[in-house]
Amino acid sequence: MVSKTYSILFRSVRDAHAAQDALSLETGQSYEKRARTRVRVKNNRLVFTTVGKDPASLRASVSGYSRLAEYLKNIEKGA
């Protein structure tokens, strides 16, 4: 097993919680077979912890969640 923890800074705790709520639809789903991601809020940061069976699945999951979080952050900037 391989793992990675990373975070993305949001403007406020409220925005981080809103992003967490949006991403919660993706976490824990049946298609997360080779890698699982846990999303939590710490202050105004969205913290991701991903555990994968192999480096390729870990990298794919990290990339996917990072991309989604950046989209949400861009929506936050536009609001």
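Student: Which side chain makes a polar contact with the side chain of threonine 49?

Tutor: We are looking at a predicted model, where local features need pLDDT of at least 70, side-chain atom pairs count only at pLDDT 80 or more, and totals for chains, interfaces and linings use all residues. Residues are numbered from 1 along each chain as its sequence is written, and side-chain values use heavy atoms, with hydrogens and water left out. A polar contact is a pair of N or O atoms within 3.5 Å; within protein, one must be able to donate a hydrogen and the other to accept it, and residues adjacent in sequence count only if both atoms are side-chain atoms. At 3.5 Å, the side chain that partners threonine 49 belongs to threonine 5.

Student: Is threonine 49 buried, partly exposed or exposed?

Tutor: Buried means under 20% relative accessible area, exposed over 50%, and partly exposed in between, using a 1.4 Å probe and protein chains only. The relative accessible area of threonine 49 is 23%, so the residue is partly exposed.

Student: Where is threonine 49, and which residue stands opposite?

Tutor: Threonine 49 sits in strand 3; strands (E, at least two residues) and helices (H or I, at least four) are DSSP runs, numbered from the N terminus. Leaving aside neighbours within four places in sequence, its contacts (heavy atoms within 4.5 Å) include Lys4, Arg36 and Arg38. One of these is 11 residues away in sequence but 5.2 Å away in space, C-alpha to C-alpha. The residue opposite threonine 49 in strand 3 is arginine 38.

Student: What is the order of the strands in the sheet?

Tutor: Two strands pair if DSSP finds at least two bridges between them. Strand 2 and strand 3 (residues 45-52) pair in the antiparallel sense over 8 bridges, and strand 1 and strand 3 also pair in the antiparallel sense over 8 bridges. The open sheet of 3 strands therefore runs, by this definition of pairing, in the order 1-3-2.

Student: Which strands are the edge strands, and how much is the twist from one strand to the next?

Tutor: An edge strand here pairs on one side only, and that describes strand 1 (2-9) and strand 2 (35-42). From one strand to the next, the twist averages 15 degrees.

Student: What angle does helix 1 make with strand 3?

Tutor: Bridges set the scene: valine 39 is partnered in strand 3 by phenylalanine 48, and strand 2 and strand 3 pair over 8 bridges. Helix 1 (residues 13-23) packs on the sheet and touches both strand 2 and strand 3. Axes are lines fitted to C-alpha atoms, for helices over the stretch in contact, and angles run from 0 to 180 degrees between N-to-C directions. The direction of helix 1 makes an angle with that of strand 3 of about 35 degrees.

Student: Which side chains of strand 2 point to the face where they are buried?

Tutor: In a regular strand the side chains alternate between the two faces of the sheet. In strand 2, Arg36, Arg38, Arg40 and Lys42 point to one face and are not buried. Arginine 40, for instance, has 29% relative accessibility and so counts as partly exposed. Pointing to the other face, and buried, are Ala35, Thr37, Val39 and Val41.

Student: Which element supplies the largest share of the largest nonpolar core?

Tutor: A nonpolar core is a set of buried Ala, Val, Leu, Ile, Met, Phe, Trp, Tyr and Cys residues joined through side-chain atoms within 4.5 Å. The largest one has 14 residues, and those with the most contacts inside it are Phe10, Leu23, Leu46 and Phe48. Strand 1, helix 1, strand 2, strand 3 and helix 2 (55-78) each supply at least two residues. The largest share, 4 residues, comes from helix 2.

Student: How many aromatic pairs are there, and why is the pair of tyrosine 6 and phenylalanine 48 called stacked or tilted?

Tutor: Rings of Phe, Tyr and Trp (its six-membered ring) pair if their centres lie within 6.5 Å; planes under 30 degrees apart count as stacked, over 60 as edge-to-face and the rest as tilted. The structure holds 2 aromatic pairs. The ring centres of tyrosine 6 and phenylalanine 48 are 4.9 Å apart and their planes are at 10 degrees, so this pair is stacked.

Student: Which residue forms the tilted pair with phenylalanine 48?

Tutor: Phenylalanine 48 is buried, as is tyrosine 6. The tilted pair has 6.2 Å centre to centre and 50 degrees between the planes, and joins phenylalanine 48 to tyrosine 65. Because phenylalanine 48 lies in strand 3 and its partner in helix 2, the pair ties together parts 17 residues apart in sequence. That partner, buried with a relative accessible area of 6%, is tyrosine 65.
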